[in-house]
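Me: I should like to understand the terms used for this structure. Please show it before we begin.

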Protein chains: 2
Amino acid sequence: MSDAAVFTGRAAVRAGILVTGTEVLTGIINDRNGPWLSERLLDLGVDVAMIEVVGDRPEDLLTALEQMTAAGVAVIVTSGGLGPTADDLTAEIVGRFCGREMVLDRALEARIGEILKPALQRWPDADREALRAANRKQAVIPSGATVLAPRGTAPGLVVPPAARGAGPTVVVLPGPPSELQPMWEDAVASEAFQAAIFGATTYRREVMRLFGLPEAEIANTLRGADAAGLRLAPLEITTCLRRSEIEVVTRFEPDAQADYDALLSFIAERHGEKLFSRDGSTIDEQVAAVLLGDHETIGVAESCTGGLLAARLTERPGSSEYVIGGAVVYSNWAKSDLVGVDPELIAAHGAVSTEVARALADGARARFDVSVGVGITGIAGPGGGTPEKPVGLVCFSVTYGRQGAEPAVRSLTRSSRLPGDRAAVRDRATTVAMHLVVRVLHGESD
Amino acid sequence: MSDAAVFTGRAAVRAGILVTGTEVLTGIINDRNGPWLSERLLDLGVDVAMIEVVGDRPEDLLTALEQMTAAGVAVIVTSGGLGPTADDLTAEIVGRFCGREMVLDRALEARIGEILKPALQRWPDADREALRAANRKQAVIPSGATVLAPRGTAPGLVVPPAARGAGPTVVVLPGPPSELQPMWEDAVASEAFQAAIFGATTYRREVMRLFGLPEAEIANTLRGADAAGLRLAPLEITTCLRRSEIEVVTRFEPDAQADYDALLSFIAERHGEKLFSRDGSTIDEQVAAVLLGDHETIGVAESCTGGLLAARLTERPGSSEYVIGGAVVYSNWAKSDLVGVDPELIAAHGAVSTEVARALADGARARFDVSVGVGITGIAGPGGGTPEKPVGLVCFSVTYGRQGAEPAVRSLTRSSRLPGDRAAVRDRATTVAMHLVVRVLHGESD
């Protein structure tokens, strides 16, 4: 995996992230907490040394805590293992590791009892006594720990070492991201956490995004910037290909702002409109902003993406302001019946053609009586490819005009051969369409 | 996170997984390799002790290799850090760790040269000399390592310790999952790998899936099975909530098959039709199988899910056999205009109502001239909720009849209050709809 980190700034304070749970270790569920916590810690100027996943074996947990300590971390953040069952034992192991005895917190026990009431009503058949006993367990915590208010039933903890400087401070958080994430701010605000990260440098973090060039080109550009005499040393630059776009993340200390600004100008000059985001905004945010700002409305007619573009457009709260509807026209019959594509056009050019993409876009605009119409038709594979029209070929059209059936005043129609498997082709096709929407609304036209 | 592992069988052979890359450690991209490798190793009877993510610092890589060795692993599998840039240094560090010098493999260099030719043609502006020099680096490998043929440009490696028994065997794989996964079988087949895992027990792995009950109920059921005298000790059982379904994964040695069969019968008896999959098949596979097997066709009209159900139905290759089309009817106007929902029905009951869901299902059936129609309408949030119709309320209908406009002969119409945020409500709604489709096609009706 290529990674154009030119320089890696080093903060004095390092942290380790310890994700626990046999279901994560065995691949049954994917960890989302490690990456999320890593970004948060970096924003605080804390350098993450490692993310480690272990199962529910007490000795593996303890070994991981000890090895992270040996690697010199000042903070360890754990996720998971705070549930009511016997194999949820993170709190106890962390207590032992920090040299603190376990005590029942009666106020916390009462609080968890309150939280459980609605659940007991929702599942009247559940074994109440077993649930109550199990959840008393969740109120047994290391003495001297700061309690973080539960978002589900499990409280979080900030556990300092028994003697100041005797080891890292451990932040203990629950596994479900919906509980862990809102608890994080409380953890950061705690006195014990602030003491542990004292001295960390706060970094600025800026993101730019490019579309329509290979990732290797960015590495070339950075070499060019270096050769042109730009000061890159104070900048920690990471590049990454994400949903067909290149994301360039730069972290720097506040006094390197001028160096970052110079780099941004250099990249803007070299790559022009391919740098579509200077402020980190995503193409999804840009589509939403321009549709809302210009009071435009949008409708789509999609074939190979099968609903993914409509789903992406409606992912955002409030999208009903501008998304009127979509047609998933998987069959040729649906293309004609739903959005009025002339069957003779399909017969003449084939369902996967720029002509049909254009007819889908205009058809969507008319059908939904909207100002922006999008048409997508392609071959997602793995079957259905031919030498002339191989798997991965996708045709796009975005047309713009006054509401509904009037002729388009602007349009962009393209075909592209997208790499990857069926899922990748479908996902990338939605990204291409999103970019075409913004470009048409910014005034471009064929 | 609760985890009902009742018993954890221990194989003699343990492994560690080491994922490298600053872009993974800093949360810019999510690791998919750790969980995937973990499942593969478990299937080989190798017990994964930990998954660790570290950045591109040589000392952190080396420390992780040493600490895993100290934890007693016989095999370490690494992913990432095999690219052409200077910070890709996994091969070199592993060579040093295994006590093996680095040598240029000229045959491998030539092979990588061949692989690069098409890429050089595709991006004619790229700096050829820099690319060639960078990729020679990828052909420098530890002496005595087994080379795994590149799928991208990076070869994989199996590196045994310099002296037999002196440490773990290290399998070095590239970061992109599309390269790592096809390389895995070659790694497993290598003599060095087989020697390292010699003695591991091969497990069977069975999966059942349940829908429509809380996760805690499964823990109760397992306690009940234990109380009823079933032998659970030979079974390693893990339960997990995934997309609103409960997945129960059981691993066992082949001679415990009868114990697993008894458990399966016990769960089937206690939970009846809520156990929708005894063979690990997913609801998506079941929907596809029943539609294909019965030569049925399907069309959907969805509001709050905004295209996600159509996208899920068309995720599978060959789905054009039975998916005719979908309507994303985000506005009331689209509900009436596209699939013919009577505006007075919307006025009388509200857009989010079982009545409108039913009209959407029948409308989709008529509109797309299909035998199965699905309607979904709900409040995904975060806005739009009222005391009577709160955020998370979703109404579903699936109707079945002869093609098209004839009245339905069977139908299931439901409303449900789904937990979670906007994305969770939308995703869960598609799962509920998938289950209703299978139930209607299996003959159920209101």
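Reply: The terms are taken up below, each beside its values. This is a predicted model, in which local features need pLDDT of at least 70, side-chain atom pairs count only at pLDDT 80 or more, and totals for chains, interfaces and linings use all residues. Residues are numbered from 1 along each chain as its sequence is written, while chains are lettered from A and ligands numbered from 1 in the order in which they are written.

Me: What makes residues 215–227 of chain B a helix, H9?

Reply: Helices are DSSP runs (H or I, at least four residues), and strands are runs of E (at least two), numbered from the N terminus. Helix H9 of chain B has 13 residues, so the requirement of at least four residues is met.

Me: How do you know that the reach of H9(B) is close to the expected one?

Reply: The expected span is 1.5 Å times one less than the number of residues. For the 13 residues of H9(B) this is 18 Å, and the helix reaches 19 Å from its first C-alpha to its last.

Me: Why are E2(A) and E2(B) called paired strands?

Reply: Two strands pair if DSSP finds at least two bridges between them. E2(A) and E2(B) have 5 bridges, in the antiparallel sense, and therefore they pair. Val54(A) stands opposite Met50(B).

Me: What makes residues of chain A and chain B count as in contact?

Reply: Their C-beta atoms, placed from the backbone, lie within 7 Å. In this way 74 residues of chain A are in contact with 74 residues of chain B. Strand E2 of chain A gives the most to its side, with 7 residues.

Conventions: Two residues are in contact if their C-beta atoms, placed from the backbone, lie within 7 Å.
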